[in-house]
Amino acid sequence: MYVPPRPSPQDDPHYAIRLGLTGALSFAAIPLMDPNMPTIMAALPVGLIAGQRKAFNPVAIIVAIVVVCVLATLMAWFVNVLQPLPLVYAGAMWLVYFLGFGMILRSGAAPGMLLVVMAVLFSVIGMSGSAAVAMMRSEFFSAALVALVVIPLAYMLVPARTRQVHVAAPVPPGGDAAMGAAIRASVLLALSFWLYAVMPPSDIMLAIMAAMVLVFPTRDAVFFEAGQRLRATLYGSALAIVVVAIYPLSPKLPILLGLVFLAGLWVGTRVLYDPRPHMAYQNALPAALALIAGGLSTQDLGQAVLSRVLLTLAGAFTAAYAVALLDSLSGWRTRAEPKIKDGAAKKSSELSES
């Protein structure tokens, strides 16, 4: 899948400040909107703005928000129609996963990632009935409205230095895309049942943290890439545990917003300057904010977050390395020369040669 390049300190030196500000503004909207699933409202605006590069592109943001709303509507209808038929439901979700991963592996474009993530969320929540599905659809609409306000506001307060708009240039990774998509769809279907078994509906956004480890296709060293995806999950979990451990010492909204801002500032600084693959940090922040919002809705913050993180990590770890192993055994990627090269791939090549 297309991975946006590391943001340039010359083009956008205040990227980290904007990222932290977006997280704080998203959390500030939660008591105003009073959502049933605050995890969605906390994570969606940050997830959308984290991948932006260079100058503010309002068209890209509006299109992304519209696609989120359309997919939420379609997936809610799809799940409600098929959920009463368990075997048909499972097979249909496998086909949706296959379609999403196929889009990623054939074109490298981001819509496939969004389809996979939305399918995971609605397929898992669908196990709880049509009322839960309708609630999630409404929560995505509310979170999209917040993103439509928060993201332009963040760019207005902290603009990029450059006026050039970034143009994405996805490149197919090559190989037998059908085989790669089938492997990922099968593993993700098993992971979906695991997530349903270990998570209540209020923590459904943890499914993104688990599913994201499968979205980015491996390239040169499958196990190295799997480790990078899991590193993002661990970073997000660690940030969430730190915040929910500190916040009860002074449980006031300004303190919480300050902690969220600092978490985003740390992640954004690492994205800008850490020499290691930047996507591990970028993917960590939405997961962290979803965990924080979910943890603050429970009675025993530390224990609840820790137990759910460990259960989710167990499934994510197993799924990531199952995909890596099946990729290695099937050899589907070696059937065509990969065309994508990024920091993670270069690093993995150096590890392979040493």
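How many salt bridges does a search of the whole structure find? The search turns up 4 (side-chain nitrogen of Lys or Arg within 4 Å of a carboxyl oxygen of Asp or Glu). We'll visit one of them below.

Before you click around: this is a predicted model, where local features need pLDDT of at least 70 and side-chain atom pairs count only at pLDDT 80 or more, while totals for chains, interfaces and linings use all residues. Residues are numbered from 1 along each chain as its sequence is written, and side-chain values use heavy atoms, with hydrogens and water left out.

**Stop 1: colour by confidence.** pLDDT is the predictor's confidence in each residue, from 0 to 100. The protein averages 80, with 79% of its residues at 70 or more. Now select 217-221: pLDDT is under 50 there, and the model has 22 contacts (heavy atoms within 4.5 Å) beyond four places in sequence for this stretch. Residues 337-354 are also below 50, with 27 contacts beyond near neighbours in sequence.

**Stop 2: α1 and α10.** Select 15-33 and 253-273, which are helices α1 and α10. Helices here are DSSP runs (H or I, at least four residues), numbered from the N terminus. Their axes come within 7 Å and cross at roughly 150°; axes are lines fitted to C-alpha atoms over the stretch in contact, with angles from 0 to 180 degrees between N-to-C directions. That makes α1 roughly antiparallel to α10 (over 145 degrees). The crossing is right-handed (near helix turned clockwise from the far one by less than a right angle). Show side chains for the contact: α1 brings residues including Y15, L19 and F27, and α10 brings L256, F261 and V267 among them. The contact's residues divide into 18 nonpolar (Ala, Val, Leu, Ile, Met, Phe, Trp, Tyr, Cys and Pro), 5 polar (the others, Gly among them) and no charged (Asp, Glu, Lys and Arg).

**Stop 3: α4 and α7.** Next, select 86-107 (α4) and 177-198 (α7), whose axes come within 8 Å and cross at roughly 135°. α4 and α7 are therefore oblique to each other (neither under 35, over 145, nor 65 to 115 degrees). α4 passes α7 in a right-handed crossing. Among the residues that meet are W94, F98 and R106 in α4, and R184, L188 and F193 in α7. By class, this contact has 15 nonpolar, 4 polar and 2 charged residues.

**Stop 4: the salt bridge.** Keep R184 selected and add D327: their side chains meet in a salt bridge at 2.8 Å, N to O. R184 lies in α7 and D327 in α13 (residues 301-330), so the pair ties together parts that are 143 residues apart in sequence.

Key. Helices (H or I, at least four residues) and strands (E, at least two) are DSSP runs, numbered from the N terminus.
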